[in-house]
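Please open the structure in your viewer and keep the sequence beside it. The tour below proceeds by selection.

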Amino acid sequence: MPEFLQGYQAGKMKGKNHLLFNMLPGGDPDYNSSLDVATDKAILAGGGFATWSYRTGYDVSIPVYNPLTNQRVLLPQKRSNEWMFVSSQTNINHMFRRQLEDVERENSGFLILKHCAEDFKNVHKRCKGTMSYQYPDILQHATFCLVMRGVRLGQTTLLDALMMGCIPVIVSDDYILPFSDVLDWKRGAVHVVENEIKRIPAILKEIPASQITDMRRQGKWFWERYFSSMGKIALTTLRVLNDRVYHYTAWQYEDWNAPFLTSSGKETANLVPPLFFPLRPYTNQGFTAVVLCYDRVDTMFKVITKIADTPSLSKIVVVWNNVNKAPPSVAKWPKLMKPVTVVKTKENKLSNRFYPYSEIETEAILAIDDDILMLTPDELEFGFQAWREFPDRLVGFPGRVHTNQNNTSRFKYESEWTNSVSMVLTGCAFHHKYFSHLFTYMMPIYIRDWVDKHMNCEDIAMNFMVANYTGKAPIKVTRRKRFRCPECVTESLWADPSHFVERSECLNEFVRAYGHMPLETVEFRADPLLFGEKLPDRLKLYKDIGSV
């Protein structure tokens, strides 16, 4: 026995300041996931942790060692999705296997494999009747791959699936997934409880193609960054421990869980987060106005005509969200002094307004609805200049606040006209393009799906994300507390109680997704100097500042 473990057995070291790796837990016949030494105060980095053996916030769950890691098979240039679902594990409980075989008989595209009878010990082969398949190659011909509780709680199949670009379907109620303290496995895997095995086909068929693409890309990134070698697994473990000790340098959710991706799906190189600028005005002049439009063409034309008079406006990008109708022809658009670009989306989603379109060439973005007619060019110009002072914040006009309901864990969305602000409405607000990357690629996918499903709360989601990433409150500018639009049906939302109920539900759903309430409440408003004084207009830089 190694001297280190002998010290444990003798009870001399008590495990203090020690880290033990257990990459292949348990052996025949009982496959016990616990180490057969007295760990005492040592931190255990173990594969196959169960909910009852894992010391949350102390131990680190790592993947079960994968012997195929050093035998990587290069993925083909183009995947072949012959199968919707493949089960390749050979150690599944016979009751589970029987249920899986029932699912296979009732659903096309499902393939349940086992050991080959004539070559039982060959780990690189799987069989179905007389048909044999190379393993793990077969996994790259499937969209989803099963990872199920077997003789070991954790399975090497998890890393095999990630390595081969297959989305893991995890059926193991008590399994603590690798690095689950920091990795959001909902982004790259599907979790099914053990008593719902027969519902797997229905669950998988509900996942849209766009989400499948995101999950596969996320799984590939997890594999390459954290799991593709024993060295990376060890370094990731040390990173987790480092973050626990040094909170001020700890990685945030976004650092752990998402790369920056280009439209081609490749990771963007050298993208430095430009959040914490020196305390001086931002030097790059100009902003891009991103106008989300569905079919209110007349009001949209009025909006872009009005905002075109803003001195610092560089460009207008109209995001056309109506997939069933083409945008107006070029001849019908108003003639403006500022360039206008139209981007046609593939789906009608609110999150499209925050996509980092390549047409946006400035760091500053003004997100504005197609019915915001009341804001003046002076107000927009002042808002942009305020953003230059606070480029790591959301800078907007109407402010909103969240309140705690009777000292409970539930929160309420409020629009009462108080001095407190924790959110600004992104119907007209400035933000850095960096936050568009975060919203699209690094925010919890559950929140983005919620926004698109309910067609509401994208502004709350953006406020949550920015506050969570920076720990700072938004900046409210000028006296405006409400977007008035007599011509628009959205005005009625102010008097609709159900609107505020749904907004409050958004707050609470997002709190559940983040695990805490990130919004910060302040009493602050930025106004132009002298705007309220009774002085000649020639003395004022911003003359046309609207009222409440």
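Two strands pair if DSSP finds at least two bridges between them; strands (E, at least two residues) and helices (H or I, at least four residues) are DSSP runs, numbered from the N terminus. The model is predicted, so local features need pLDDT of at least 70 and side-chain atom pairs count only at pLDDT 80 or more, while totals for chains, interfaces and linings use all residues. Residues are numbered from 1 along each chain as its sequence is written, and side-chain values use heavy atoms, with hydrogens and water left out.

Select β6 (residues 125-128) and β7 (residues 131-134): four bridges join these antiparallel strands. Arg-126 stands opposite Tyr-133 in β7. Between the strands of this hairpin are two residues, and Gly-129 takes a positive phi near 65 degrees.

Next, select β1, β2 and β3, which form an open, parallel sheet in the order β1-β2-β3. Because β1 (19-22) and β3 (60-62) stand at the edges with a single partner strand each, one side of each has no neighbour in the sheet. From one strand to the next, the twist averages 20 degrees. Three bridges join β2 (residues 43-47) to β3, and Gly-47 has Ile-62 as its bridge partner in β3.

Now add helix α6 (residues 230-245), which lies across β1, β2 and β3 and runs at about 160 degrees to β3. Such angles run from 0 to 180 degrees between N-to-C directions, with axes fitted to C-alpha atoms, for helices over the stretch in contact (heavy atoms within 4.5 Å).

Finally, select helix α8 (residues 297-307), whose buried residues (under 20% relative accessible area, 1.4 Å probe, protein chains only) include Met-300, Phe-301 and Ile-304. The buried residues of α8 pack against β11 (287-293), β12 (313-320), β14 (364-369) and α9 (377-389).

How values were computed:
Buried < 20%, exposed > 50% of the residue type's maximum accessible area, 1.4 Å probe, protein only.
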